[in-house]
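Q: Please take a close look at a single part of this predicted model. The part of interest is the open sheet of chain B, together with what lies around it and elsewhere in that chain.

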Amino acid sequence: MDKVLYIDYERCIGCRACVIGCEECSGHDHLSRMFVDELNPGETVATSPTPCMHCVTPACAESCPVQAISIAADGTVLSASMEKCIGCKNCTYACPFGIPKVDDVKKVMYKCDMCYDRTSKGRPPMCASVCPTDTIRFVDQDDIKNDPPKPVQFKWDFGGTIIETRTVIGLPDTEEHRFGYREGDGVQS
Amino acid sequence: MGHAQNKDYSQRDYDAILRDGEELISTHCCFCGMQCGMNIRVRKEDQSVVGVEPRYDFPMNGGRLCPKGVAAYRQAEHQERILHPLIRKNGKLEQATWDEAMDLIVSKIQEIQGKHGKDAFGIYSGSSMTNEKCYLMGKFARIGLGTKNIDYNGRYCMSSASVGFNQSLGIDRGGTNPWSDIKFADVLLIAGSNTAECHPLSMPYIWGARDRGAKLIVVDPRQTKTALVADVHLNIRPGTDVALVNGLLHVMIKEDLIDQDFITNHTTGYEELKELVQSYNPAYVSEITGTAADKIITAARIFGQAKNGFAMFARGVEQHATGTDAVSNYVNLCLVTGKFGRKGSGVATFTGQGNGQGGREHGQKTDQLPGFRKITDPKAREYIAGVWGVDESEIPGPGLSAFEMLQSLGKEIKGLLLVCSNPIVSSPTVGDVGEYLKSLDFFVCMDFFLSESAELADVVLPSTVWIEDNGTMTNVEGRVLRVKGVDRTPGESKRDWKVICDIAERLGRGQYFQFDSPEDIFNELRLASKGGIADYYGITYEKLDKMQGVFWPCPTEESEGKPRLFEDLKFNFPDGKARILAFEYKGPNERTSKDFPIILTTGRVVFHYLSGNQTRRIDTLRNFCPDPYVEIHPKLAEKYNISNGETVKVSSPRGSIELVAKITKITREDMVFVPYHWGKSLAINHLTNPALEPKSKIPEFKVCAVKLEKIASSAGEMHG
């Protein structure tokens, strides 16, 4: 079973449980690899989490001069090998989503490895385990890409370069507002 | 799959991960009334608490946690824990031995009570404690100290809901239904609750309903995370709920969206309500509430036309000078449309405190004895006296409610024991409350962190954190569940129930407090609650483990509790009929004026719990929200020439505070919002109104009148 992260950010409450939960995975050395962004501060409280998108052809790994970033058998793009990483930040610059961080003290890159310690044992990553609203889910890749519950995106156009990601993003309904989701109208009386 | 009662919940089919050299303590979060299940990771070698692991099999949350839940364990090894008793010497709290502290406490109790009478020593307790401790506090006050003056911080939190439910339904169980029922509603009306931030683990249930096509109506002056995803957001002016609901009822009655059979067979009082709401037409209600008439009509139609639905609410409805009216009026929505006693239909209040439900059932409320018995009821007194082995005349009558108790410190009450609360942050007019506390002859506090209130105490006793003890909690649904802990007491800390028993012993009342474990206390609580409304008699620790919690009432050992109330449509009155009560809109106690033209409302953020004594100390939570702020609408900000991030002064007739302005369109133009989790100069409760609801005695935290001032010489301005 090939499982991936699915982000339905319409449901995100910006609580950062994923950010704090990320620290709790045994392989993560209490360094969070998760991001939550306010989408339009001052206009709306809407937020969205961003884990690693786990590109099918990861620019981070391709840009690494010492081949420190491995790809697991299931396609998970792992964090840099502590032994190999030289902290050069090539990966940080190469990543179109801005995911890899570098610990400036240890001179080593760290990023989301989908909690390899957990997923390799069949458990969901910490972010998907703790997310209180099911914004972040750990689901079957084929199901979510071929038969999604709502419109999704997993191919991204960066100036003509199409990048396919294993992580799938569910798009909010801003046309029909079926779940009332609006971007920044403020309070209407 | 577990017990049938848990069938429709959120559990997930994964096992927790156990790491080498560790054990997992399967327990619950110490924070809100959801009581999410969690596993605490403990290193076997030294019993140190090292982390949290999801508890996927617990029905309520299935391993999911909010940030407070994820970080809760970080209290256990926290460097600011109090690890030995402290006694004030020459004005400063200094380390002391337990014997010194206990001798002093006992001599002061005896001195004060000898000189001024038994009631001169009071207890102010809390609702984040286990049922066992809440029960023990009530018993200790009445027959350990012999004082009538015990009340608790739930007075600020759950008391309006309690009175409202009792007067409408005859019973106060915060959720009439199991939480899984929410998924089966066709409409959810959520009022005065920022559910997403304050009870995040309710969201999977709300989304569960949404995924099945349910409509969501949110009543809140702010476009919170909850309101953002609503079909209809009624952004009413704070304090106008009674008028809004009268408007909704007006439309439903006019358009015949009511259940006449249900009204006739199962309620009384409908005609008075019909008569009263006649004048509350949408245009008039729109004027009072400041929300559009067409939205009121739409919401009324959605709620009225739905077969199944919930009316759910929280402090935004309850913390008002007419809070009990508002609660009963929201209950009316379900009564006139027959939404009770079925999967997907009922009412609920989102319990704020960890044991907000259990803490209000077993006798630490000043007007109450265990099992939800009234302390003025001769039969109840007789029964409890029998359980306790005392003469009925030894049980005092009702004393002062929480805020009234604080106001009487130094006057009627000369000595105070404070447990599990931080009233100098959480009370209105906190500046005055500091003076009240300082005017005491003797003030003893039990806590594991030195709270702002504890800083003023004469003696501070170090207690344990929640995962260093055992016991039961009762969650938002009325489900009693087991909290388990690590067997350790760091430094010289002691479990507070043991300390209470020890004080009783030293006061010569030890014979009534012979408890060796929380389970001993629970077994007495079972008996004390037997035959009461909140009947725990049939609940045992074993049953709680086996069923993953038991819903009260559970009157016999064979009983498996009652997840859903009123399935027989019999309400808790002698005639079995619910009471439809009619209320005119009176409005908040304090109105805006020329001098104070803006409404202030207060509330919570997802990263903090109550007075913040715990969550402000946890780095990871504090970093996400280090300081309070004032939310101001851009148009209001423009009027005062205030820009985002600038420091402004907010003042009410009672006090003022300087806060950073957060300019946002999510709030109304006629109000500002400030979160309340901070103390001292950052406490917004310097400003809030101490006007008490006449029946529940809850202060009106949610509305007062303020003015805004730009601080002219702020550094930001000078340096551009």
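A: **The open sheet of chain B and its surroundings**

In this predicted model, chain B holds an open sheet of seven strands, ordered β5-β4-β18-β17-β16-β6-β7, and its pairing is mixed. The edges are formed by β5 (92-95) and β7 (150-152) of chain B, each of which pairs on one side only. With direction ignored, neighbouring strands of this sheet are turned against each other by 20 degrees on average.

Within the sheet, β17 (residues 442-447) and β18 (residues 459-462) of chain B run parallel and are joined by four bridges. One pairing can be named by residue: Val444(B) has Val459(B) of β18(B) as its bridge partner. Helix α2 (residues 98-116) of chain B packs on the sheet, where it touches β4 (86-89), β6 (121-125), β16 (415-419), β17 and β18 of chain B. The direction of α2(B) makes about 130 degrees with that of β18(B).

A second assembly of strands in chain B may be set beside the sheet. Six strands, in the order β23-β27-β24-β26-β25-β30 (chain B), close into a barrel, and the pairing is mixed. From one strand of the barrel to the next, the twist averages 45 degrees. Here β24 (residues 629-632) and β26 (residues 655-663) of chain B pair in the parallel sense over four bridges. Tyr629(B) has its bridge partner in β26(B), namely Val660(B).

Chain B also offers a helix pair for inspection. The axes of α4 (residues 159-169) and α14 (residues 323-336) of chain B come within 8 Å and cross at roughly 50 degrees, which makes α4(B) oblique to α14(B). Their crossing is right-handed. From α4(B), the contact involves Ser160(B), Ala161(B), Val163(B), Gly164(B), Phe165(B), Gln167(B), Ser168(B) and Leu169(B), and from α14(B) it involves Gly323(B), Thr324(B), Val327(B), Ser328(B) and Val331(B). Of the residues in this contact, six are nonpolar, seven polar and none charged.

Finally, there is the side of chain B that touches chain A. Contact is made between 43 residues of chain B and 32 residues of chain A. On the side of chain B, at least two residues each come from β3 (48-54), α1 (67-71), α5 (195-198), α6 (203-211), α7 (225-228) and α22 (619-624). The largest share, four residues, is supplied by α6(B). By residue class, this side of chain B divides into 24 nonpolar, 11 polar and eight charged residues.

How values were computed
Residues numbered from 1 in each chain as written. Chains lettered and ligands numbered in written order. Predicted model: local features only at pLDDT ≥ 70, side-chain atom pairs only at ≥ 80, totals over all residues. Contact = placed C-beta atoms within 7 Å. Nonpolar A, V, L, I, M, F, W, Y, C, P; charged D, E, K, R; others polar. Axes fitted to C-alpha atoms, helices over the stretch in contact; angles between N-to-C directions. Parallel < 35°, antiparallel > 145°, perpendicular 65-115°, else oblique. Left-handed = near helix turned anticlockwise from the far one by under 90°. Pairing = 2+ DSSP bridges.
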